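The following report describes a protein model for a reader who has its sequence and coordinates at hand. It moves from the overall dimensions to the strands, and then to two individual residues.

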Amino acid sequence: MANPVYGGQAVMEGVMMRGGRAVATAVRRPDGEVVIKRQELQPIARRCPILGWPLVRGSVALVEMLSIGISALMWSANQAAPDEQELTKKDMVLSVVLSFGLATVIFILAPTLVAGWLQRQIPVGFWLNLLEGLMRVGLFVGYIAIIARLEDIQRFFAYHGAEHKTVNALEAGEELTVERVRRYPVLHPRCGTAFMLYVMVIAIAFFSFFGWPVWWMRLVIRLAALPFIAGLAYEITRLAGASCSPWVKSALAPGLALQRLTTREPDDSMLEVAIAALKTVRDMQKTEGAHHA
């Protein structure tokens with residue numbers, strides 16, 4: 001059996017870690033106690049093998065991670081602030097719908113409309129697509145740079161750094177202790193931040209094949225193509241993360257550089273939480289693997 005690939009995300013005052021068959025979310029409560037939520041997974045690709053094919057599995061994994069991530073965020077928020085009004089699934093679904101709508105307007109509709117206004121000055125579709133893509137990247141990086149200045153977000157990004165350090169240590173075969181994990185970098189090639197950048201860069205090349213139709217058709221094409229582009233970005237990120245080639249490392253450099261905005265050096269208490277999450281999901285994977293042996 002192949003070794004599982006681990007990854008995760010920061011949550012409120014904690015870290016969620018995922019393996020192929022299990023998820024563990026660890027959160028530090030206000031009283032200092034670390035609580036852990038365990039969840040076994042039944043990936044949809046097991047029930048429908050076609051969803052595990054290359055270029056398809058990326059979109060499936062993205063939807064699964066979104067669902068798992070929302071659940072982990074909701075649970076962590078209720079653990080980290082137990083005195084606040086408890087968040088419900090309805091609250092989180094509404095928040096996600098509104099966020100997706102706002103992101104569509106800011107990162108998809110706005111750049112294509114602005115580029116469209118310049119069509120008389122730049123009549124060639126390739127250059128309009130390039131301009132639109134660069135505006136989208138600029139908005140994305142600018143948005144991250146702005147929110148990264150907020151104190152609460154900086155703490156969230158420190159947990160993101162703790163997640164990366166812990167996964168880096170595990171993949172290096174290191175013992176998972178605070179002293180050992182602390183030495184590892186806060187950057188990781190399979191990060192979701194880098195993935196988003198790769199999606200935007202791939203989109204520039206992909207959309208150039210469709211010319212420059214009217215604005216509503218451009219919007220339809222961009223939304224319809226997202227699953228394919230996400231799947232391609234997933235495969236590139238997956239292969240690049242396992243490569244030691246200097247050429248590949250050079251190609252990954254922009255994604256790693258962007259992570260410097262979304263990660264911070266964690267303190268030891270944050271590393272303890274990330275280690276607890278990863279150890280838990282690793283043990284769950286071993287137990288599940290023994291059941292299937």
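## Overall dimensions

With 293 residues, the protein would be expected to have a radius of gyration near 19 Å if it formed a compact globule, and the value of 20 Å found for the protein agrees with that expectation. The model is a predicted one, and its C-alpha atoms fill a box of roughly 60 × 45 × 35 Å when the box is taken along the principal axes.

Of the 293 residues, 42% count as buried, while the accessible surface comes to about 16,000 Å², with 65% of that area belonging to carbon and sulfur atoms. The protein carries 29 positive and 24 negative charges, and the mean positions of these two sets are 9 Å apart.

## Secondary structure and contact order

The protein has ten helices and four strands, and reading along the sequence gives the pattern β-β-β-β-α-α-α-α-α-α-α-α-α-α. Among the contacts between residues at least 6 apart in sequence, 68% join residues that are at least 24 apart.

## Strand E3 and its partners

Strand E3, which covers residues 22–28, is largely enclosed by the rest of the structure, because seven of its seven residues are buried. Both faces of E3 are covered: one side presents Ala 22, Ala 24, Ala 26 and Arg 28, the other presents Val 23, Thr 25 and Val 27, and all of these residues are buried.

On one hand, E3 pairs with strand E2 (residues 14–18) in the antiparallel sense over five bridges, and the two strands form a hairpin with three residues between them. Within this pairing, Val 23 of E3 is the bridge partner of Arg 18. On the other hand, E3 is joined by seven bridges to strand E4 (residues 34–40), and these two strands also run antiparallel. Here Ala 24 has Arg 38 of E4 as its bridge partner, and Thr 25 is matched in E4 by Lys 37. The hairpin of E3 and E4 has five residues between the strands, and in this hairpin Gly 32 takes a positive phi near 95°.

## Thr 193 in helix H7

Thr 193 lies in helix H7, which comprises residues 192–207. Is Thr 193 buried or exposed? Its relative accessibility is 10%, and because buried means under 20%, Thr 193 counts as buried. When residues up to four places away in sequence are not counted, Thr 193 touches Phe 140, Ile 144 and His 160, as well as Leu 258, Gln 259 and Thr 262.

## Arg 180 in helix H6

Arg 180 is found in helix H6, a run that covers residues 178–181. With a relative accessibility of 32%, Arg 180 counts as partly exposed, since that class lies between the limits of 20% for buried and 50% for exposed.

Which residues does Arg 180 contact once its neighbours within four places in sequence are left aside? The contacts of Arg 180 are then with Glu 174 and Glu 175. As for its placement relative to another part of the chain, the C-alpha atom of Arg 180 is separated by 31 Å from that of Leu 62, a residue 118 positions away along the chain.

Terms used:
Residues are numbered from 1 along each chain as its sequence is written. This is a predicted model: local features need pLDDT of at least 70, side-chain atom pairs count only at pLDDT 80 or more; totals for chains, interfaces and linings use all residues. Side-chain values use heavy atoms; hydrogens and water are left out. Buried means under 20% relative accessible area, exposed over 50%, partly exposed in between (1.4 Å probe, protein chains only). Contact means heavy atoms within 4.5 Å. Two strands pair if DSSP finds at least two bridges between them. The radius of gyration is taken over C-alpha atoms; the globule rule is 2.2 Å times the number of residues to the power 0.38. Accessible areas come from the Shrake-Rupley method with a 1.4 Å probe; for residues, only the protein chains shown count as cover. Lys and Arg count as positive and Asp and Glu as negative; His and the chain ends are not counted. The place of a charge is taken as NZ of Lys, CZ of Arg, CG of Asp or CD of Glu.
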